[in-house]
Amino acid sequence: MERWNGRVALVTGASVGIGAAICRQLVKHGMVVVGCARNVKKINEISEEDGVKKSPGRLIPMKCDLSNELEILAMFQAIRQDVGRLDVCINNAGLSHNAPLLSGTTSDWKNMLDVNILALCICTREAVKLMNEKGIDDGHIIHISSMGGHRVAPGMSGNNFYCGTKFMVRAITEGLRREVKEMKSKIRVSSVSPGVVETEFFPRLQKSDPAQGCALYNSMECLQPDDIAGTVVYILGTPPYVEVHDVLVRPQQQAT
């Protein structure tokens, strides 16, 4: 990780869970981390934690609603003007609604497309554009995807559309990798596909009965956000000639 010391990373969905853990880990490795989310107050609180304040890197909170392209573009302009460069883009933000294919609402489907697909693509496009502007040819794009992009879990019909978005992330990741190679660039493209991680994800998914989401976490020894953050650090820490395509990681007790 030494070569990333002092360099700049963007982490979306940085206020809680996996995104917050990635921010904490990267500043410990000396990176300047732009953490964005709608709830910028939580990112400000993370930046004031002792472990973050005493780290060799620093955390820069930025407010951004990733379902709004104008806000995304404004965020990248702020990075361009205030930070001056971007070396790593970690597309972590993602969400799911309990929205089955036969009874889900169109608004819930659109929200998942906006955040899980369009925001990821817009951030990636703008990140590579900024890297090219600054002559950065060894940057890294990392998508935090899901095991839902590799199989449709049985007994979870409310998650079928979400799985569809993550299958699309899988295709987009490979398509991006090919486009980058067509540019003759050494920018690397990777993804991480976690299984069940103990975050706010499932309680938010089961918003009518958050206890149902928590019950899943109580049924096994789940992954923790730091496990996924550690995987990101591993990917970044590989030599420049190594390109990690996708890391699938899930709890040993997770059956599917």
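Mentor: This predicted model holds 14 salt bridges.

Trainee: What makes Arg3 and Asp138 a salt bridge?

Mentor: The closest N and O atoms of Arg3 and Asp138 are 3.4 Å apart, and the cut-off is within 4 Å, so the pair counts. Arg3 sits in the segment before strand E1 (8-12), and Asp138 in the loop between helix H5 (106-133) and strand E5 (140-144), 135 residues apart.

Trainee: Why is Arg3 called partly exposed?

Mentor: Arg3 has a relative accessible area of 28%. Buried means under 20% and exposed over 50%, so a value in between is partly exposed. Asp138, at 29% relative accessibility, is partly exposed too.

Trainee: What makes Arg7 and Asp138 a salt bridge, and is Arg7 buried or exposed?

Mentor: Their closest N and O atoms are 2.6 Å apart, and a salt bridge needs within 4 Å. Arg7 lies in the segment before E1 and Asp138 in the loop between H5 and E5, so the pair ties together parts 131 residues apart in sequence. Arg7 has a relative accessible area of 12%; buried means under 20%, so Arg7 is buried. Arg3, Arg7, Arg85, Asp87 and Asp138 are linked in a network of salt bridges.

Trainee: How do you know which of Arg80 and Glu133 is buried?

Mentor: Arg80 has a relative accessible area of 18%, and under 20% means buried. Glu133, with 44%, is partly exposed. Their side chains meet in a salt bridge, 2.9 Å from N to O.

Trainee: Why is Arg38 called exposed?

Mentor: Arg38 is at 60% relative accessibility, and exposed means over 50%, so Arg38 counts as exposed. Arg38, Lys42, Lys63 and Arg204 gather in a surface patch of positive charge.

Conventions
Residues numbered from 1 in each chain as written. Predicted model: local features only at pLDDT ≥ 70, side-chain atom pairs only at ≥ 80, totals over all residues. Heavy atoms only, no water. Patch = residues over 30% accessible without salt bridge, like charges linked within 9 Å, V, L, I, M, F, W, Y side chains within 5 Å. Areas by Shrake-Rupley, 256 points an atom, 1.4 Å probe, with all protein chains shown as cover. Lys, Arg positive; Asp, Glu negative; His and termini not counted. Charge placed at Lys NZ, Arg CZ, Asp CG, Glu CD. Buried < 20%, exposed > 50% of the residue type's maximum accessible area, 1.4 Å probe, protein only. Helix = DSSP H or I, 4+ residues; strand = E, 2+ residues; numbered from the N terminus.
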